[in-house]
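User: Could you take me through one part of this model in detail? I would like a close look at the barrel and at what packs around it.

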2 protein chains.
Amino acid sequence: MSGHLDLIDLKIIESLGENGRLRLSELAEVVALSIPSVSERLDKLQKNGIIRSFTMEVDERQLGFDIQAFVRVRIDSSKHYKSFMEHVLQEDEIMECFSVTGEGSHILKVMTHNTSSLEKFLSRIQSWPGVLETNTSFVLSQLKRTRKISAEIVRNNLQDRQVLITFDEKKSRKV
Amino acid sequence: MSGHLDLIDLKIIESLGENGRLRLSELAEVVALSIPSVSERLDKLQKNGIIRSFTMEVDERQLGFDIQAFVRVRIDSSKHYKSFMEHVLQEDEIMECFSVTGEGSHILKVMTHNTSSLEKFLSRIQSWPGVLETNTSFVLSQLKRTRKISAEIVRNNLQDRQVLITFDEKKSRKV
DNA sequence: TGTATATTCTAATAAAATAAGGCAAGAAGA
DNA sequence: TCTTCTTGCCTTATTTTATTAGAATATACA
């Protein structure tokens with residue numbers, strides 16, 4: 001049970017970050033391994049939870065989500081933490097929720113149809129036990145959106161942890 | 001050139017949001033159409049930019065990105081806007097960048113290896129022309145992360161725009 | 001060094017995607 | 001209303017891709 005990631009794994013991750021629907025055959029070409037080998041590596045990456053899931057970026061506006069916002073929430077202590085989390089999971093408007101340092105204890109990334117649905121959502125939040133304050137920033141536009149995980153950067157990250165052991169040129173198959 | 005989305009399209013989007021690597025054959029099963037029909041719809045969804053790209057969710061920690069943070073940036077007026085954007089696109093640490101209302105003009109979602117790389121990054125930002133102030137919130141944990149685009153909600157969003165016209169039961173094929 | 005484990009390959013089989021051609025329903029126009 | 005054009009879907013045939021099984025090679029460890 002090797003938990004080691006080598007450069008081939010990182011290239012697979014990088015490639016799939018750019019196009020999550022790449023075929024095994026295309027990945028095999030990129031990393032110069034046979035298709036079954038790539039398939040096995042991919043399974044392992046998912047099994048180990050390094051790859052969590054495959055998803056999609058959509059144009060939210062075209063799907064009728066005209067409002068995106070960040071909502072900073074301040075909740076009082078840990079007493080209401082569990083119920084807060086349950087509420088968060090239930091609300092479809094909340095796409096992401098982060099526990100953070102700084103002003104407020106949480107940041108919510110919210111997506112709704114229009115201002116009136118956002119208003120309803122905000123008043124709902126404010127009724128949750130323990131919620132002391134919210135502070136909303138509307139998203140006017142998104143300047144950058146990347147899922148790219150550079151193999152090179154990950155290699156640098158991991159090598160001082162010694163998680164990443166080797167990259168043997170020998171392993172690469174001739175094409 | 002029909003730009004209309006029907007419920008079948010929305011089901012395709014919903015399904016791919018949950019698993020972006022679903023096969024055409026599996027999608028065809030879900031929406032009860034033939035494989036070539038689903039393939040054609042999928043092409044069209046991408047061509048129309050409703051589906052922007054296919055990607056992946058990874059476990060950032062396992063890839064050595066131990067620090068995630070939101071950085072609020074205040075830049076002075078629009079004079080430095082263009083150069084700011086260029087910088088943003090260049091920095092690998094910046095995963096997302098939003099132009100927002102409220103305190104500060106932009107929110108950056110940042111991912112780095114450790115506090116020292118974050119520190120370097122922050123001092124780099126502060127040297128960009130026009131950057132007046134930054135305010136960093138560390139992400140302690142992520143409580144929710146969803147890419148699910150519910151077909152039902154999108155239908156509700158779109159029907160008052162009358163973009164969504166029909167859902168004919170007749171169109172569904174027997175299995 | 002010897003043994004056990006990992007990873008890879010090839011080849012055969014199964015499954016999936018693509019491409020071509022045709023049919024039917026609905027829209028647009030005479 | 002009738003005709004034509006377009007759109008969306010189907011089926012079939014072909015090509016491409018993925019899976020499985022088994023053998024070989026390399027790696028790690030005692």
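Analyst: Happy to; here is a walk around the barrel, strand by strand, and then out to the helices and the contact between the chains. Please keep in mind that this is a predicted model.

Let us begin with the overall layout of one chain. Chain A has six helices and five strands, and along the sequence they follow the pattern α-α-α-β-β-α-β-β-α-β-α. The chain is divided into domain 1 (7–55 + 148–171) and domain 2 (61–138), and the C-alpha centres of these two domains of chain A lie 35 Å apart. Of the 175 residues in chain A, 33% are buried. Among contacts in chain A between residues at least 6 apart in sequence, 67% join residues at least 24 apart.

Now to the barrel itself. Eight strands close up in the order 2(A)-4(A)-3(A)-5(B)-2(B)-4(B)-3(B)-5(A), with antiparallel pairing. On average, neighbouring strands of this sheet are turned by 35° against each other, direction ignored. As background, strands of a sheet pair through backbone hydrogen bonds, either parallel or antiparallel.

Two of the pairings in that order join one chain to the other. At one of them, strand 3 of chain A and strand 5 of chain B run antiparallel and are joined by five bridges; here A:Val100 has B:Val139 as its bridge partner in strand 5 of chain B. At another, strand 5 of chain A pairs with strand 3 (residues 94–100) of chain B, again in the antiparallel sense and over five bridges. In this pairing A:Gln142 stands opposite B:Phe98.

Next, follow the barrel through chain B. Strand 5 of chain B pairs with strand 2 (residues 67–75) of chain B over seven bridges, in the antiparallel sense, and B:Ala69 has B:Phe138 as its bridge partner. Strand 2 of chain B then pairs with strand 4 of chain B, antiparallel and over seven bridges, with B:Phe70 opposite B:Lys109. On from there, strand 4 of chain B is joined to strand 3 of chain B by five bridges in the antiparallel sense, and B:Ser99 stands opposite B:His106. The hairpin of strand 3 and strand 4 of chain B has five residues between the strands, and B:Gly102 takes a positive phi near 95° there.

Strand 4 of chain B deserves a pause. Seven of the seven residues in this strand (residues 106–112) are buried, so strand 4 of chain B is largely enclosed by the rest of the structure. Its two faces are both covered: B:His106, B:Leu108, B:Val110 and B:Thr112 are buried on one side, and B:Ile107, B:Lys109 and B:Met111 are buried on the other. In general, side chains in a regular strand alternate between the two faces of the sheet.

What covers the strands? Helix 5 of chain A lies across strand 2, strand 4 and strand 5 of chain A, at about 145° to strand 5 of chain A. This helix (residues 115–126) has twelve residues and reaches 16 Å from its first C-alpha to its last, close to the 16 Å expected at 1.5 Å a residue. Its buried residues are A:Leu118, A:Phe121 and A:Ile125. Seen down the axis of helix 5 of chain A, they fall within an arc of 60°, so they line one face of the helix. These buried residues pack against strand 2 (67–75), strand 4 (106–112) and strand 5 (131–145) of chain A. On the other side of helix 5 of chain A, A:Ser116, A:Glu119, A:Lys120, A:Ser123 and A:Gln126 are exposed.

Helix 4 (residues 81–90) of chain A involves both chains: it lies across strand 2 and strand 3 of chain A together with strand 5 of chain B, running at about 90° to strand 5 of chain B.

Finally, the contact between the chains takes 55 residues from chain B and 55 residues from chain A. On the side of chain B that touches chain A, strand 5 of chain B gives the most, with nine residues. Another spot to view is A:Phe54, placed in strand 1 (residues 51–58) of chain A. A:Phe54 counts as buried because it has 21 C-beta neighbours inside 10 Å. Not counting residues up to four places away in sequence, A:Phe54 touches A:Gly20 as well as B:Asn19, B:Gly20, B:Arg21, B:Phe54 and B:Met56.

Terms used: Residues are numbered from 1 along each chain as its sequence is written. Chains are lettered from A and ligands numbered from 1 in the order in which they are written. This is a predicted model: local features need pLDDT of at least 70, side-chain atom pairs count only at pLDDT 80 or more; totals for chains, interfaces and linings use all residues. Helices (H or I, at least four residues) and strands (E, at least two) are DSSP runs, numbered from the N terminus. The expected span of a helix is 1.5 Å times one less than its number of residues. A residue is buried if 20 or more other C-beta atoms lie within 10 Å of its own, exposed if 12 or fewer, and partly exposed in between; C-beta atoms are placed from the backbone. The arc is that of the directions from the helix axis to the C-beta atoms. Two residues are in contact if their C-beta atoms, placed from the backbone, lie within 7 Å. Two strands pair if DSSP finds at least two bridges between them. Axes are lines fitted to C-alpha atoms, for helices over the stretch in contact, and angles run from 0 to 180 degrees between N-to-C directions. Domain bounds come from an automatic or database domain assignment.
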